[in-house]
Structures are given as C-alpha cells and as structure tokens.
Amino acid sequence: MMRIRRIKNIFTCIIASAVMCFGALLAAGSDVYAADDKEYVYDYADILTADEEAKLKEKCMKASKDCQCDFVIVTTKIGHDYSQMDNYMSNMLKTEGYSYDAIIYGVDMVSRADRIYTQGKAQTDISQSKLDSIRESCEDKFSDSDFYHGFTRFIRKTDICLTTSIMKKVTYNLPVKILISAAVAIVAVAIMMHSAKAKMTVSS
C-alpha cells in the first residue's frame, strides 16, 4: 500500500513539475506592451472626433497587449510621402518611447498619402504583400472620409496577422518542448528522491 502511495506521489510530482516547466518555456521573453502613459493615437490633422480617438486608443492598447507589439496611429498635415513619411513615423516611435516591436499607420491630409511602417516582429511576421492588402482595404474607407472605420479595419486585420503568428511560434516544435519539460521534471524528482533517501539513511 505504501509502495503504491509512493509511486502515486512521485507521478504527481513529475506531472506538476512538467506543467511548471512547460509554462515557463511559453512565458519566457514575453513583455507587456500596452501602457496608460502612451497615446497610441495622434490626430494632428484633426480628422477624428474626440470619441473616435478615445475608442481607437482603446483598440490599439488591446491589440498591443494581445499581440505583444505596439499599435500606433498618426494623422498629419505636413505634406510628406514615402521615405520621408517612413522616417517621420520611425522617429516618432523612438521619441515617444514605443517598443522595438511596433506597427504604425500614418495618413497625411496634404499629400493624401498613407503609409504603414513596421519594425521588430511586425516587420518579420507580416509580409509586404499582406501590408499592402491591409492598406488598400483601409483606403476604401478613407476615400469616403470614414477614417475611424478605416483605422479600425487596420487594427483588426493586423491583430489577426500577429495573433496567428504568435500561435504558430507557441506551438512550433511543441512535442520537443513537452519532452524537455518532462525531462527536467524527472531529473528534479530524482534529485528530491535521492535527497530524501540520504536524509533517511542519516536518521537511521
């Protein structure tokens, strides 16, 4: 009876240790990106209402947290385009304290240009063809001066792309991760058993 109970306790320890190790593998390297002290939406061109700006900020914060990547929106009246606009958005991410993993959508009301700039995981996980597709989809709303729903579409479609990418990374080589966790758990239990046996020998 005691032998069965001992085996049961060992098995329980192995399962618990494996679960903890596997959780640690999944959680390693994760960061919090959404922060209350960041604006996320900069409407310098005044094309959004206060309510729309607040709602977009909330959506950006949620997507930033879910995707572990900062989502930013900016509208301007500068007249820049292409590389000038990309440089503007790149500098903005740095000066405003956003993470290296970020995506920003900019619309200039003078040049009528719109650009999506990416860096970090947003750059590596979303192809240029997909970014072009997202931008063109948003432009359908912009052409009707429906900027709120255009930006909403940008957040939703990009969120889907990055969330899918995260799930692929989590499940990549999943059997290997499980085996590593199990091996670590078995070693940990073996050490504990050896330590307990040594104590019993000393006591006797």
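Here is a short chat about the sheet and helices of this predicted model.

Colleague: Happy to start with the sheet: which strands stand at its edges?

Modeller: The sheet is open, with four strands in the order 1-2-3-4 and mixed pairing. An edge strand has a single partner, so one of its sides is left without a neighbour in the sheet. That describes strand 1 (41-43) and strand 4 (114-119).

Colleague: Thanks! Which residue in strand 4 does Tyr105 stand opposite?

Modeller: Strand 3 covers residues 102-108 and runs antiparallel to strand 4. Six bridges join strand 3 to strand 4. In strand 4, the residue opposite Tyr105 is Ile116.

Colleague: Now the helices: what angle does helix 2 make with strand 2?

Modeller: Helix 2 (residues 50-67) packs on the sheet, where it touches strand 1 and strand 2 (70-76). Taking the direction of helix 2 against that of strand 2, the angle is about 150°.

Colleague: And which strands does helix 5 lie across?

Modeller: Helix 5 spans residues 128-142 and runs at about 145° to strand 4. The strands it lies across are strand 3 and strand 4.

Colleague: Back to helix 2: how far apart are its end C-alpha atoms?

Modeller: Helix 2 has 18 residues, and at 1.5 Å a residue it should span 26 Å. The distance in the model agrees with that expectation: 26 Å.

Colleague: Lovely. Which residues of helix 2 are buried?

Modeller: Buried here means under 20% relative accessible area. In helix 2 the buried residues are Leu56, Cys60, Met61, Ala63, Ser64 and Cys67.

Definitions and conventions:
Residues numbered from 1 in each chain as written. Predicted model: local features only at pLDDT ≥ 70, side-chain atom pairs only at ≥ 80, totals over all residues. Heavy atoms only, no water. Pairing = 2+ DSSP bridges. Helix = DSSP H or I, 4+ residues; strand = E, 2+ residues; numbered from the N terminus. Contact = heavy atoms within 4.5 Å. Axes fitted to C-alpha atoms, helices over the stretch in contact; angles between N-to-C directions. Expected span 1.5 Å × (residues − 1). Buried < 20%, exposed > 50% of the residue type's maximum accessible area, 1.4 Å probe, protein only.
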